[in-house]
Amino acid sequence: MLKLYIQTTEAFKRLASDKDGVVSFEYVIVAACVVAAVAAAFGTGGANTLATTLTTAIGKVGTAVATAVTTH
């Protein structure tokens, strides 16, 4: 356990001193925020979620396209 702790500590020290590592660490933070935002938007919280709205809109567009194809 101590060996793992020391390896992790050393990795964080290298990451803090490496400018490229800091940039990639920032990308990880931004990616985590994006995942959290998408999870919140498309979550299972009730009938008025973004997912329900998008599903309904896509269904309407599909119906309109099918109607346009059959009439022409």
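## Ala40, out in the open

Let's start with Ala40: because its relative accessibility is 65%, this residue counts as exposed, the cut-off for that label being over 50%. Ala40 belongs to helix H2, an element that spans residues 19-41. Please keep in mind throughout that this is a predicted model.

Ala40 also gives us a handy distance to look at. Ten residues along the chain separate Ala40 from Leu50, and their C-alpha atoms are 9.4 Å apart. Leu50 sits at the start of the range given for helix H3, residues 50-71.

## A nonpolar patch on the surface

Now turn to the nonpolar patch. Four residues build this surface feature, namely Phe12, Phe25, Val28 and Ile29, and together they offer about 400 Å² of accessible area. Helix H2 supplies the largest share of the patch, with three residues.

Val28 is a good member to pick out. This residue is found in helix H2, and Val28 counts as exposed because its relative accessibility reaches 53%.

## The chain as a whole

Stepping back, the protein chain has three helices and zero strands, so you will find the pattern α-α-α when you read along the sequence, where helices are DSSP runs of at least four residues.

Burial is scarce by the numbers: 3% of the 72 residues count as buried. The protein chain exposes about 6,200 Å², and 72% of that area is supplied by carbon and sulfur atoms.

## How confident is the prediction?

Across the protein chain, the mean pLDDT is 75, and 74% of the residues reach 70 or more. Confidence is highest in helix H3, at a mean of 83, and lowest in H2, at 74. Helix H2 is also where Ala40 lies and where Val28 is found, a point to bear in mind when you look at these two residues.

Note on methods. Residues are numbered from 1 along each chain as its sequence is written. This is a predicted model: local features need pLDDT of at least 70, side-chain atom pairs count only at pLDDT 80 or more; totals for chains, interfaces and linings use all residues. Side-chain values use heavy atoms; hydrogens and water are left out. Patches are made of residues with over 30% relative accessible area and no salt bridge: like charges are joined within 9 Å, nonpolar side chains (Val, Leu, Ile, Met, Phe, Trp, Tyr) within 5 Å. Accessible areas come from the Shrake-Rupley method with a 1.4 Å probe; for residues, only the protein chains shown count as cover. A salt bridge is a side-chain nitrogen of Lys or Arg within 4 Å of a carboxyl oxygen of Asp or Glu. Buried means under 20% relative accessible area, exposed over 50%, partly exposed in between (1.4 Å probe, protein chains only). pLDDT is the predictor's confidence in each residue, from 0 to 100.
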